[in-house]
Amino acid sequence: LLQGPQLNAWRGATDNDGIKLLMEQQFYKPIAHWLSLGLDKLEQRLESIRVVETDDGLPAIETVHSASGRGEWQDFTHTQRFVLLPSAELRVENSVKLGHDASDLPRVGVTLQLPPELEKFTWYGRGPWENYSDRKAASMVGRYSSTVSEQYVPYVMPQEHGNKSDVRWLELTDEAGKGLRIESDQPLSVSASHFSANDLYDARHTTDLQPRPEVILNIDAAQRGLGTASC
């Protein structure tokens, strides 16, 4: 890992979330609420770090972060527990408590940055193309292999893309097959990209995008559906 896992509640807004070039006319769209919460500039503040014992008697490192993009630190409370299992696997438990105003979010999950060489992307979930909670009927559950670069979808207005829903496990590996494997007790939404959410949001056309060398991995407990209300 180069960075993370860190709390993430922001996505590169889709046209249905609100057309960013028409923000003065889009005050009633979800994006206006998200920007008022400062989700595009979420900051983390460490509140505590300690060693605790899990229910199965194993020691865990527990961190608690408050997070906000507007200085209201009760917006998010993110508790993580890192448990090294006897199998040498690392179990990461995430709990996110939302403040009163933090409703109708684009996503709730964590973001990681991985080395550039972890380009091969394999997952067991819905695929092979992008799919979301309300747009996945044509994406069958199965085992798929691709690359991180191939996840990019060149929408004329750059926006969130490449999500995979109902994912049970995923692997990001190098040419020798070494890398990271993530499994979950419950289906996840995941995406792997060479663009961050803010890269996509700040761009106004495909020519504005410059892929990052590192891999941006989003692991979400849930991501908001796409809807059909761009017009």
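**Exercise 1. Identify the strand that gives the most to the lining of the largest pocket, then describe that pocket.**

Solution.
- Step 1. Strand S10 is the main contributor to the lining of the largest pocket, with eight residues. The model is predicted.
- Step 2. Look for other suppliers. Strand S1 (3–8), strand S4 (76–84), strand S5 (90–98), S6 and S11 each supply at least two lining residues, as does S10.
- Step 3. Find the centre. The lining has 28 residues, and Arg-91, Val-92, Asn-94, Ile-182 and Glu-183 lie nearest the centre of the pocket.
- Step 4. Sort the lining by character. It divides into 15 nonpolar, six polar and seven charged residues.
- Step 5. Add the volume. The largest pocket has about 1,100 Å³.

**Exercise 2. Describe the second largest pocket by volume, lining and contributing elements.**

Solution.
- Step 1. The second largest pocket holds about 500 Å³ of space.
- Step 2. Its lining has 27 residues, with Asn-8, Thr-111, Ser-196, Ala-197 and Asn-198 closest to the centre.
- Step 3. At least two lining residues each come from S1, S6, S10, helix H2 (197–202) and S11. S1 gives the most, with five residues.
- Step 4. By character, the lining splits into nine nonpolar, 13 polar and five charged residues.

**Exercise 3. Decide whether Thr-111 is buried or exposed, and list what surrounds Thr-111.**

Solution.
- Step 1. Place the residue. Thr-111 lies in strand S6.
- Step 2. Apply the cut-off. Thr-111 has a relative accessible area of 19%, and buried means under 20%. Therefore Thr-111 is buried.
- Step 3. Check the side chain. The Thr-111 side chain makes a polar contact with the side chain of Asn-218, at 2.7 Å.
- Step 4. List the contacts, leaving aside neighbours within four places in sequence. Thr-111 touches Gln-3, Gly-4, Pro-5, Gln-6, Asn-8, Ile-216, Leu-217 and Asn-218.

**Exercise 4. Map the largest nonpolar core and find the element that gives the most to this core.**

Solution.
- Step 1. The largest nonpolar core has 18 residues; Phe-121, Leu-170, Leu-172, Leu-217 and Ile-219 touch the most other members.
- Step 2. Two or more core residues come from each of strand S6 (107–114), strand S7 (120–127), strand S9 (164–173), strand S10 (179–193) and strand S11 (215–223).
- Step 3. S10 gives the most to this core, with four residues.
- Step 4. Separate the other core. Apart from the largest core lies another of 15 residues, among them Leu-7, Ala-67, Phe-76 and Tyr-201.
- Step 5. Zoom in on one member. Not counting residues up to four places away in sequence, Ile-219 touches Gly-109, Val-110, Leu-112, Ile-182, Leu-188, Ser-189 and Val-190.

Methods: Residues are numbered from 1 along each chain as its sequence is written. This is a predicted model: local features need pLDDT of at least 70, side-chain atom pairs count only at pLDDT 80 or more; totals for chains, interfaces and linings use all residues. Side-chain values use heavy atoms; hydrogens and water are left out. A nonpolar core is a set of buried Ala, Val, Leu, Ile, Met, Phe, Trp, Tyr and Cys residues joined through side-chain atoms within 4.5 Å. Buried means under 20% relative accessible area, exposed over 50%, partly exposed in between (1.4 Å probe, protein chains only). Contact means heavy atoms within 4.5 Å. On a 1 Å grid over the protein atoms alone, a cavity is a set of points where a 1.4 Å probe fits but cannot get out, and a pocket is an open set with protein on both sides within 12 Å along at least five of seven lines; lining residues have an atom within 4 Å of a point. Grid points are joined across faces, edges and corners, and a volume is the space filled by probe spheres set on the points. Ala, Val, Leu, Ile, Met, Phe, Trp, Tyr, Cys and Pro count as nonpolar, Asp, Glu, Lys and Arg as charged, and the others, Gly among them, as polar. A polar contact is a pair of N or O atoms within 3.5 Å; within protein, one must be able to donate a hydrogen and the other to accept it, and residues adjacent in sequence count only if both atoms are side-chain atoms.
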